[in-house]
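Load the model, switch to a cartoon view and keep the selection tool at hand. The stops below go from the whole chain to single residues.

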Amino acid sequence: MARTDMSGQQTMPAGSGHRAPDPGGPPVIGEDTVEAVIRSQLSKALGGKRGMIEAALPTLAFVYVFLATEQLRTALIVGGALAGVLLAVRLLQRQTPQFVLNSLFGFAIAAAFVLRTGRAEDIFLPGMIYNAVVGALLIFSILVRWPFIGLLIGSVTGDLSGWRRDRGVLRLCTRLTWLFVLPNLIRLAIQVPFYLAGNLAALAAAKIVLGWPLALAAFAAMLWVLARGRTPLSPAAPTGTA
């Protein structure tokens, strides 16, 4: 049975799986709850297990070749060549090369660090800087009460601020953003001491453990939170800006 929201528009119940189109609003999308939107967007952002493995392999190849040969340039060539092979496979399979290109770009930056300093462990420095910057931005978004996950919702609905009018949605997005930022903080807490000690083998092991397994663990925690409720994507009774 349809119900009327505060603007006079008729919408279907949140559990029905459908929403009545709003002639003046954004196109109707498949997801009708906050939880469904976030699940869909996070799955796309992570690139799946394959995308996360592709991001780690070139760096791991560099580490193992360097440990075996102690030749920086040889290790960099092997790592770069592997990234090129991964890209070629994606193109041959006519799949999106987005995640391989991200890996190739990141490896190129890391290689520039290594060639400039001559220190093999600097292959991990751009990644640590990235985690620090992203972590700081995500925490800042929480502190100013514009949590990043809420902006994901806004990007789908076409209204970047409307989700903030419901306190329940705001609280949900804040909790999910904390879970989203947690892997960045864990990686820094573990990798920085290894980096300062120059422990390349430990950094490589951390790269594996703190890569897709940690991301999947955080993703699973977010899914557990999302599975507990069905928050309407267009709340019927806004409670005022939080």
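Begin with the contacts across the whole protein: of those with a separation of 6 or more, 65% are between residues 24 or more positions apart. Keep in mind throughout that this is a predicted model. Colour by secondary structure, and nine helices and two strands appear. Their order along the sequence is β-β-α-α-α-α-α-α-α-α-α. Colouring by burial instead marks 38% of the 242 residues as buried.

**The largest pocket**

Next, display the largest pocket, which has a volume of about 1400 Å³. Which residues should be selected to find its centre? Of the 41 lining residues, Ala55, Tyr130, Asn131, Arg187 and Lys207 are the closest to the centre. Elements that give two or more residues to the lining are H1 (34-46), H2 (48-69), H4 (98-117), H5 (125-143), H7 (167-197), H8 (200-209) and H9 (212-227). H4 supplies the largest share, nine residues. Colour the lining by residue class to see 28 nonpolar, 11 polar and two charged residues.

**Helix H9**

Select H9, one of the helices that contribute to that lining. H9 has 16 residues and spans 21 Å from its first C-alpha to its last, close to the 22 Å expected at 1.5 Å a residue. Show the side chains of Leu214, Ala215, Ala218, Phe219, Met222, Val225 and Leu226, which are buried. Now look down the helix axis: the buried residues of H9 fall within an arc of 135°, so they line one face of the helix. On the face turned away from that buried side, pick out Trp224 and Ala227, both exposed.

**Three buried residues**

Move to alanine 110 in helix H4. Is alanine 110 buried or exposed? Its relative accessibility is 3%, so alanine 110 counts as buried. Leaving out residues up to four places away in sequence, alanine 110 touches Asp122, Ile123 and Pro126. Draw a C-alpha to C-alpha distance from alanine 110 to isoleucine 123: it reads 4.8 Å, for a pair 13 residues apart in sequence.

Then select asparagine 184, which sits in helix H7. Asparagine 184 has 6% relative accessibility and therefore counts as buried. Beyond its neighbours within four places in sequence, asparagine 184 is in contact with Asn131, Val134 and Gly135. Asn131 was already on screen as one of the residues closest to the centre of the largest pocket.

The third stop is arginine 90, in helix H3 (residues 72-92). Arginine 90 is buried, with a relative accessible area of 6%. Show what surrounds arginine 90: apart from its neighbours within four places in sequence, the contacts are Arg50, Gly51, Glu54, Gln95, Thr96, Pro97, Phe99 and Val100.

**Two positive phi angles**

Finish with the backbone angles of two loop residues. Select glutamate 70, in the loop between H2 and H3. Glutamate 70 is not a glycine, yet its phi is positive, about 60°. With a relative accessible area of 63%, glutamate 70 is exposed.

Where is arginine 145? Arginine 145 lies in the loop between H5 and helix H6 (148-157). The phi of arginine 145 is near 65°, again a positive value in a residue other than glycine. Arginine 145 is partly exposed, with a relative accessible area of 41%.

Conventions
Residues are numbered from 1 along each chain as its sequence is written. This is a predicted model: local features need pLDDT of at least 70, side-chain atom pairs count only at pLDDT 80 or more; totals for chains, interfaces and linings use all residues. Side-chain values use heavy atoms; hydrogens and water are left out. On a 1 Å grid over the protein atoms alone, a cavity is a set of points where a 1.4 Å probe fits but cannot get out, and a pocket is an open set with protein on both sides within 12 Å along at least five of seven lines; lining residues have an atom within 4 Å of a point. Grid points are joined across faces, edges and corners, and a volume is the space filled by probe spheres set on the points. Helices (H or I, at least four residues) and strands (E, at least two) are DSSP runs, numbered from the N terminus. Ala, Val, Leu, Ile, Met, Phe, Trp, Tyr, Cys and Pro count as nonpolar, Asp, Glu, Lys and Arg as charged, and the others, Gly among them, as polar. The expected span of a helix is 1.5 Å times one less than its number of residues. Buried means under 20% relative accessible area, exposed over 50%, partly exposed in between (1.4 Å probe, protein chains only). The arc is that of the directions from the helix axis to the C-beta atoms. Contact means heavy atoms within 4.5 Å.
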